[in-house]
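Trainee: Could we go through the terms we use for this model and check each one against its definition?

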Amino acid sequence: MKGHPAWPAELVPDDVFVPALGPKALDESQRRLRRFQFFGGGSYALEKSGKCEVFDWQNGLKLKLDVACKLKSFQRALASAKSYLDTGVVEERGWWSQPA
């Protein structure tokens with residue numbers, strides 16, 4: 001996906017996704033897209049199913065995606081994802097599965 005590192009992110013279930021602009025901000029074609037929220041900032045992206053490969057955490061580590069990028073923002077995203085896996089809490093504001 002352009003503008004986002006490919007990993008780490010979390011797939012947001014369709015039934016809980018509400019865009020910041022409100023539910024009517026998505027047209028019918030956009031409602032069929034997969035929704036991802038990225039660690040390290042909480043931004044969202046919409047993606048056509050099957051257009052990008054999705055790796056779970058363990059497979060991402062096996063593929064060495066955690067060493068693929070040395071940017072500080074990517075390293076913060078990794079730290080946030082690791083913390084989430086350890087504690088079940090995302091320390092970023094606006095995370096889809098956390099109370100507002």
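Mentor: Sure, we'll take the helix, the core and the sheet in turn. This is a predicted model, where local features need pLDDT of at least 70 and side-chain atom pairs count only at pLDDT 80 or more, while totals for chains, interfaces and linings use all residues. Residues are numbered from 1 along each chain as its sequence is written, and side-chain values use heavy atoms, leaving out hydrogens and water.

Trainee: How do you know that the span of α2 agrees with what is expected?

Mentor: The expected span is 1.5 Å times one less than the number of residues. For the 16 residues of α2 that gives 22 Å, and the end C-alpha atoms are 22 Å apart, so the two agree. Just after α2, Gly-88 has a positive phi of about 80°.

Trainee: What makes up the largest nonpolar core?

Mentor: A nonpolar core is a set of buried Ala, Val, Leu, Ile, Met, Phe, Trp, Tyr and Cys residues joined through side-chain atoms within 4.5 Å, buried being under 20% relative accessible area (1.4 Å probe, protein chains only). Here 10 residues qualify, among them Trp-7, Phe-39, Trp-57 and Trp-95. Helix α2 (residues 72-87) gives the largest share, five residues.

Trainee: Which strands are called edge strands?

Mentor: Strands pair if DSSP finds at least two bridges between them. β1 and β2 (residues 34-38) have four, so they pair, and they run antiparallel. The open sheet has the order β1-β2-β3; β1 and β3 (44-47) each pair on one side only, making them the edges.

Note on methods
Buried means under 20% relative accessible area, exposed over 50%, partly exposed in between (1.4 Å probe, protein chains only). Helices (H or I, at least four residues) and strands (E, at least two) are DSSP runs, numbered from the N terminus.
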